[in-house]
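Reader: Could you walk me through this model and tell me what stands behind each term you use?
Author: Gladly; here it is.

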2 protein chains.
Amino acid sequence: MPDLILDAIPGLPEIAAGDDLAARIAECAEKIGGFQEGDLLAIAHKVISKAEGRTRDLADVRPSPRAVALASAHDKDPRHVEVVLEETSELIRADHGVLICLTHHGFVCANAGVDASNSGADDQLTLLPKDPDASARNLRSRLGELTSVRPAVLITDSFGRAWRNGQCEIAIGCAGLAALDDWRGRTDSRGQELHATWIAIADQAAAAADLVRSKDSREPAVRIRGLAQHVTVDDGPGALELLRPSSEDLFR
Amino acid sequence: MPDLILDAIPGLPEIAAGDDLAARIAECAEKIGGFQEGDLLAIAHKVISKAEGRTRDLADVRPSPRAVALASAHDKDPRHVEVVLEETSELIRADHGVLICLTHHGFVCANAGVDASNSGADDQLTLLPKDPDASARNLRSRLGELTSVRPAVLITDSFGRAWRNGQCEIAIGCAGLAALDDWRGRTDSRGQELHATWIAIADQAAAAADLVRSKDSREPAVRIRGLAQHVTVDDGPGALELLRPSSEDLFR
């Protein structure tokens, strides 16, 4: 039995606002044997956003003067910029045509997570879920109603990082997964204290899930088997635990 | 056949300077069936550092006045601080008892990666490998001599991040693994251009590997099966590709 096994959940149909996403996932997961206790379902946020109606038609957006000015300076669509600004509590940087935003949730990412690709229509934007931890809790609860098991649920997005090229998939919401594993103060196999060992399990699981799906595929959902030691009966505090207060952030 | 399978390589003995690490890994990997073409071997850097003699005995370290002053201000061992400074090209921040350093390699991390835990002796520090990409190439080459296959090799360390709590395992060296997967300019399943989709495969694989080993265990090496599309015959440019030039870094 391998230590960790990841399978993309095949055949998930296009999701629209109001669809029963949990039912679609449960059906498609049957093709790979369904869920077991201790499994983790990792899912790219876009399909959650679509099911929750967190999309905007560009035709309905009236850009503010600030959005028009920013869009002009950065060669972007002012309506896209308007929606980015609506999702943003602090614009951290605007450069190289990219807006780095602190979202109302507390995430730091490009364009406040507002995305024009893969949204299912040319003139539509996909936003981040309003409360991704709540989305994860709801999906877990509904999966529990539909099937005999309640896998932990992890909602992910791909974020750029300071200091390093490329993006990594990270956790923006979770339920039933302990987002952090705290070894600080514990000792290693030699009895020495483990310094600063505080592991972002949820982010690492998000990164692992991304390895099994192609960016142009229809496989937003991945079943991860082998992390039962981090899966909890209670939904827990979610991915908000991963947000570092600026007062404690030495890396920015 | 699952999409991605990770197995910790069991029973790796304590490694000392000059040991044939590849031979020990090849032996232990036999217990889980050995390597196949397309496999990736992910290994925590400490065991590489030990094999390469990249350790320092605290008793041999004479702290400079700068190290003594920093150590005093941050409640640290001045000899440890001295070694950190020797590994550092720029001290980015010193706060909360932590030194955030730009290493000579170009990595940004706490204490320049100099670690006192798990080093196998109370009075010894473990440094990062001098050239982790070269270490990965050497290990890959030696595995090829010893076995019939040459798995890709990934050397990892756990780094803190800006904006987010907890650490993630990241890539500090690799050989035979394309560290970045560039989808920029390509289109998604709807024919729309994928914006800013430039995936740090090596960092995501490092994170995935970390999920299967406990921090207090003797399992620094993990076999990852299912990433053959990112494994290359040539060793390639390594993990240096992941270092973002500060002029292009909008996140710091």
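**Terms and what supports them**

Author: Let us start in chain B, where helix 1 (residues 21-29) has Leu21(B), Ala22(B), Ile25(B), Ala26(B) and Ala29(B) as buried residues. They lie on the same side of helix 1 of chain B, because they cover an arc of only 130° around the axis (the arc is that of the directions from the helix axis to the C-beta atoms). This is a predicted model, in which local features need pLDDT of at least 70, side-chain atom pairs count only at pLDDT 80 or more, and totals for chains, interfaces and linings use all residues. Residues are numbered from 1 along each chain as its sequence is written, while chains are lettered from A and ligands numbered from 1 in the order in which they are written.

Reader: What do the buried residues of helix 1 of chain B pack against?
Author: They pack against strand 2 (40-44), helix 2 (45-51), helix 5 (132-146) and strand 12 (221-225) of chain B. Helices (H or I, at least four residues) and strands (E, at least two) are DSSP runs, numbered from the N terminus.

Reader: Why is Ile48(A) called buried?
Author: A residue is buried if 20 or more other C-beta atoms lie within 10 Å of its own, exposed if 12 or fewer, and partly exposed in between, with C-beta atoms placed from the backbone. Ile48(A) has 26 other C-beta atoms within 10 Å, so it is buried. Ile48(A) sits in helix 2 (residues 45-51) of chain A.

Reader: Which residues does Ile48(A) touch?
Author: Leaving out residues up to four places away in sequence, Ile48(A) touches Leu21(A), Ile43(A), Pro129(A), Ser135(A) and Ile155(A). Contact here means C-beta atoms, placed from the backbone, within 7 Å.

Reader: How do you know that the span of helix 5 of chain A agrees with its 15 residues?
Author: The expected span is 1.5 Å times one less than the number of residues. For helix 5 (residues 132-146) of chain A that should be 21 Å, and its end C-alpha atoms are 21 Å apart, so the two agree. Its buried residues include Ser135(A), Ala136(A) and Leu139(A), and among the elements covering the buried residues are helix 2 and strand 8 (152-160) of chain A.

Reader: What makes strand 4 and strand 6 of chain A edge strands?
Author: The open sheet has 3 strands in the order 4-5-6 (chain A), with antiparallel pairing. Strand 4 (88-95) and strand 6 (108-110) of chain A each pair on one side only, as edge strands. Two strands pair if DSSP finds at least two bridges between them; strand 5 (residues 98-103) and strand 6 of chain A have 3 bridges, in the antiparallel sense.

Key. Contact = placed C-beta atoms within 7 Å.
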